[in-house]
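Welcome! Here is a short tour of a structure that may be new to you. Take a look at it first, and then read on.

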Amino acid sequence: MRNILLAAAAISAIAAPAFAQSGPDARGYGSLGYTHLEGDSATTGAVTGRLGVNLNRYLAVETEASVGVKDDDFTVAGVDGSTKHEWDAAGYVVGKYPVSDKLELFARGGYGHTELKQEFPGANTDVGGDSWNYGVGANYYVDGVNGVRADWTRRDFRDNAGEADAYSVSYVRRF
């Protein structure tokens, strides 16, 4: 799984210049922001970076990676523990609908992996899982290049391992 995500990121990075040369609608973009993740057993936060390539005006491919920055603390029978968001990564196909020059709506679907760590005195556990991901969002560009992105993504973990909702707000830049 890790190799697939690394390959998708590499292909996006290598393909970006080629697509950028093929026409005005084929541009790359990147974003950096905060993701709030609400799962079945924990609520955490992460810094998320994305890199994408617009294949045309209505279709893009995108990769994302996050590093946890907010843990979820809990208490069981008077003993404190925490759930830490270690990292996650995913690749997506993105369908876009440009409402205007400044506003763009999108829906995306893809596959990812999330790694969490539960720390409890005497029992530390790595909790990770692969997931099918899908969601919707919007980009609002202030000056045609710089903008704000807001999105919601559902992570549906494999093997009946639960679900998580990711809410993100990011700075986005076209290039």
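Buried means under 20% relative accessible area, exposed means over 50%, and partly exposed lies in between (1.4 Å probe, protein chains only). By that rule Ser-31 is buried, because its relative accessible area is 8%. This is a predicted model, in which local features need pLDDT of at least 70, side-chain atom pairs count only at pLDDT 80 or more, and totals for chains, interfaces and linings use all residues. Residues are numbered from 1 along each chain as its sequence is written, and side-chain values use heavy atoms, with hydrogens and water left out.

Ser-31 sits in strand E1 (residues 28-39); strands (E, at least two residues) and helices (H or I, at least four) are DSSP runs, numbered from the N terminus. Not counting residues up to four places away in sequence, Ser-31 touches several residues, among them Thr-48, Arg-149 and Val-172; contact means heavy atoms within 4.5 Å.

Val-172 also belongs to the largest nonpolar core, alongside Tyr-29, Ala-60, Ala-90, Tyr-92, Val-94, Phe-106 and Tyr-141. Such a core is a set of buried Ala, Val, Leu, Ile, Met, Phe, Trp, Tyr and Cys residues joined through side-chain atoms within 4.5 Å. Leaving aside neighbours within four places in sequence, the contacts of Ala-60 include Tyr-29, Tyr-92 and Val-94.

Now for two loop residues. Most residues other than glycine have a negative phi, but these two have positive values.

| Residue | Phi | Loop between | Relative accessibility |
|---|---|---|---|
| Ala-77 | near 50 degrees | E4 (72-76) and E5 (79-98) | 79%, exposed |
| Asp-159 | near 60 degrees | E8 (146-157) and E9 (163-174) | 74%, exposed |
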